[in-house]
Structures are given as structure tokens and as C-alpha cells.
Amino acid sequence: MTKHEEFLWELLLHEINTKAELTRMYFDCFTFIAKTEQLEEFQLHKKQREDSRRKVLVESCFTDEQEY
């Protein structure tokens, strides 16, 4: 195995471990939200964030079209 291949395998392993850690953190947060009976508030907040991101994206696309 070349050094480049070894580096790529190490990078892949690191990404897998990072994703696993983020999944555990997400699960812990979601469990806390559910236990504290804040699930509805969390879902509302999540929807508001998604709507906000969508609005920014649409505005950004609209601005880009005006530049041409």
C-alpha cells in the first residue's frame, strides 16, 4: 500500500468516526429534547430554520439572476 493510499484510508476512517460521534451527539440531544417535553418546540424551530435557509437561497438565486 502506498503512502497516498494509506493516507486516504486514514482519512476515511477519521470521517467514519466523526460521523459516528455526530450521530451519537444528535441522538443525545434528541433524547434530551424528548425527555424534557420540548419536541414540539424543537420541530417548530427546525421548520423555521429550514424556511429561513430556503428564503435565503431563493433570494440568493434571484440576486444572481439579476446580475446577468
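Met 1 is exposed in this predicted model, with a relative accessibility of 71%. The residue belongs to the segment that precedes helix 1, a helix running over 3-35. Met 1 also takes part in a nonpolar surface patch, whose other members are Trp 9, Leu 12 and Ile 16. Together these four residues present about 490 Å² of accessible area.

Lys 3 is part of helix 1. Its relative accessible area is 74%, and because exposure is assigned over 50%, Lys 3 is classed as exposed. From Lys 3 the chain can be followed to Phe 27, which lies 24 residues away in sequence. The C-alpha atoms of Lys 3 and Phe 27 are separated by 36 Å.

The aromatic residues offer a second route through the model. The count of aromatic pairs comes to 2. One of these is formed by Tyr 26 and Phe 30, and it is stacked, with 6.1 Å from centre to centre and 15° between the planes. Tyr 26 and Phe 30 both lie in helix 1, and because they are 4 residues apart there, about one helical turn separates them.

Phe 30 is partly exposed, at 33% relative accessibility. The ring of Phe 30 also pairs with that of Phe 42: the centres are 6.2 Å apart and the planes stand at 75°, so this pair is edge-to-face. Here the partners come from distant parts of the chain, since Phe 30 belongs to helix 1 and Phe 42 to helix 2, which comprises residues 39-67. In sequence, Phe 30 and Phe 42 are 12 residues apart. Tyr 26, Phe 30 and Phe 42 thus make up one aromatic cluster, in which Phe 30 is stacked with Tyr 26 and edge-to-face with Phe 42.

The cysteines remain to be considered. A disulfide is a covalent bond between the sulfur atoms of two cysteines. The structure holds 0 disulfides. Cys 29 has a relative accessible area of 47% and is partly exposed. Cys 61 is likewise partly exposed, at 39% relative accessibility. Because the partly exposed class lies between 20% and 50%, the value of 47% places Cys 29 in it, and the value of 39% does so for Cys 61.

Notes
Residues numbered from 1 in each chain as written. Predicted model: local features only at pLDDT ≥ 70, side-chain atom pairs only at ≥ 80, totals over all residues. Heavy atoms only, no water. Disulfide = S-S within 2.5 Å. Buried < 20%, exposed > 50% of the residue type's maximum accessible area, 1.4 Å probe, protein only. Patch = residues over 30% accessible without salt bridge, like charges linked within 9 Å, V, L, I, M, F, W, Y side chains within 5 Å. Areas by Shrake-Rupley, 256 points an atom, 1.4 Å probe, with all protein chains shown as cover. Salt bridge = Lys/Arg side-chain N within 4 Å of Asp/Glu carboxyl O. Helix = DSSP H or I, 4+ residues; strand = E, 2+ residues; numbered from the N terminus. Phe/Tyr/Trp six-rings, centres within 6.5 Å; stacked < 30°, edge-to-face > 60°.
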